[in-house]
Amino acid sequence: MKNVTRKLMKKSAAGIAAAALALIVGVATPPEARADDAYAKSQLYARSQLKVMSDYLASQKAISFGFDANYEVVTTDQQKLALASSGKITLNRPDKIHATRSGGFADIEMLFDGKTLTLLGKTANLYTQVDAPGTLDHLVDELREKYNRPLPGADLLLSNVYDVLMADVIDAKDLGSGVIGGVECDHLAFRTKEVDWQIWIAQGKRPYPCRYVITTKLVDQAPQYSIQIRDWKTGSKVASDDFAFKNPTNAKKIDMKDLPDTGDMPEQFATGGTQ
């Protein structure tokens, strides 16, 4: 009986020692290490999900979607104002796009057939055309750098979204789930030295961007540009379009520099203006 008791006591002591050792190991793991591990996983997930979205977008030859955009400006008397617009974009990779954008001061239609870019100001019934042969990537750069008329959500239309967006990123975070327009999304946040940006990516087999927000850190009051996407379609569900300008309203042709109200801001909000 004594031998049995000793054996039970030894086993009990061994179990207590093992539990104590496990407790010591758990306590000995510094909170900083656990936080660092969680942060690393968050960074990795954010980057990997953005890459999944980028690969999905690049694989789609035909895409169409509607959008609602807000462009914030800060006036000289420090009032922040949001300029709202809506539109639709249809594209066929690698070199065709049809885009519309309407707001309180502009009603614009843009067509590109791989060779010629056409911009139509519907309110003034004026249009301009320029030669711009090349891919959609080339067109996005031309509109942004040469003509200062960027496409809505231009970053998301490129063939290499991940490489472009991640070029200057110094921090990435997975913020969990969010719901945009009734669609459950992965909510990701990224930082560069000049801007912070967030993106909501639809979960599931169609990881398309549902919302994209850019916050400027170098301007007082940190104005934002945001675009929310709806009615996402790809492949055979995209309505056919020949991307050629037909001029059904007999619009007058003018030079690009003379085409009014095609930017994100009306004239009274232009840089250096009085408003």
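Buried means under 20% relative accessible area, exposed means over 50%, and partly exposed lies in between (1.4 Å probe, protein chains only). This is a predicted model: local features need pLDDT of at least 70, side-chain atom pairs count only at pLDDT 80 or more, and totals for chains, interfaces and linings use all residues. Residues are numbered from 1 along each chain as its sequence is written, and side-chain values use heavy atoms, with hydrogens and water left out.

**Exercise 1. The sheet**

Give the strand order of the open sheet and find its edge strands.

Step 1. Fix the terms. Strands (E, at least two residues) and helices (H or I, at least four) are DSSP runs, numbered from the N terminus. Two strands pair if DSSP finds at least two bridges between them.

Step 2. Read the order. The open sheet has 12 strands, arranged E7-E8-E9-E10-E11-E1-E2-E3-E4-E5-E6-E12. Its pairing is mixed.

Step 3. Find the edges. E7 (171–180) and E12 each pair on one side only, so by the pairing rule they are the edge strands.

**Exercise 2. Antiparallel neighbours and their turns**

Trace the pairings and hairpins from E2 to E4.

Step 1. Start with E2 (residues 80–92). Its pairing with E3 (residues 96–103) is antiparallel and spans 8 bridges. Ile-89 faces Ala-99 of E3. The two strands are joined by a hairpin of 3 residues.

Step 2. Move on to E4 (residues 107–112). E3 and E4 pair antiparallel over 6 bridges. Thr-100 has Glu-109 in E4 as its bridge partner. Again a hairpin makes the connection, through 3 residues.

Strands of a sheet pair through backbone hydrogen bonds, either parallel or antiparallel.

**Exercise 3. Two partners for E6**

In which sense does E6 pair with E5, and in which sense with E12?

Step 1. Take E5 (residues 116–121) and E6 (residues 126–131). They run antiparallel, joined by 6 bridges. Gly-121 has Leu-126 in E6 as its bridge partner.

Step 2. Inspect the turn. The E5–E6 hairpin has 4 residues between its strands. Asn-125, in this turn, has a positive phi of about 55°.

Step 3. Turn to E12 (residues 252–253). E6 pairs with E12 in the parallel sense over 2 bridges. Leu-126 stands opposite Lys-252 there.

**Exercise 4. The E1–E11 pairing**

How many bridges pair E1 with E11?

Step 1. Locate the strands. E1 covers residues 62–74, and E11 covers 224–234.

Step 2. Count. The antiparallel pairing spans 8 bridges. Ile-63 lies opposite Thr-234 of E11.

**Exercise 5. Salt bridges**

Work through the salt bridges of Glu-109, Asp-95 and Arg-191.

Step 1. Set the criterion. A salt bridge is a side-chain nitrogen of Lys or Arg within 4 Å of a carboxyl oxygen of Asp or Glu. A search of the whole structure finds 13.

Step 2. Take Glu-109. Its side chain meets that of Lys-122 at 3.7 Å, N to O. Glu-109 lies in E4 and Lys-122 in the loop between E5 and E6, so the pair ties together parts 13 residues apart in sequence. Glu-109 is buried because its relative accessible area is 16%. Lys-122, at 37%, counts as partly exposed.

Step 3. Take Asp-95. It forms a salt bridge with Lys-96 (3.2 Å, N to O). Asp-95 is partly exposed at 21%, and Lys-96 is partly exposed at 26%.

Step 4. Take Arg-191. The closest N and O atoms of Arg-191 and Asp-196 are 2.8 Å apart. Arg-191 is partly exposed at 37%, whereas Asp-196 is buried at 18%.

Step 5. Add the network. Salt bridges link Asp-68, Arg-230 and Asp-231.

**Exercise 6. Two exposed residues**

Place Lys-237 and Leu-44, and classify their exposure.

Step 1. Lys-237 sits in the loop between E11 and E12. It counts as exposed because its relative accessibility is 65%.

Step 2. Leu-44 lies in helix H2 (residues 31–59). Leu-44 is exposed, with a relative accessible area of 61%.

Step 3. Check a long-range contact of Leu-44. Its C-alpha is 8.3 Å from that of Lys-173, and the two residues are 129 apart along the chain.
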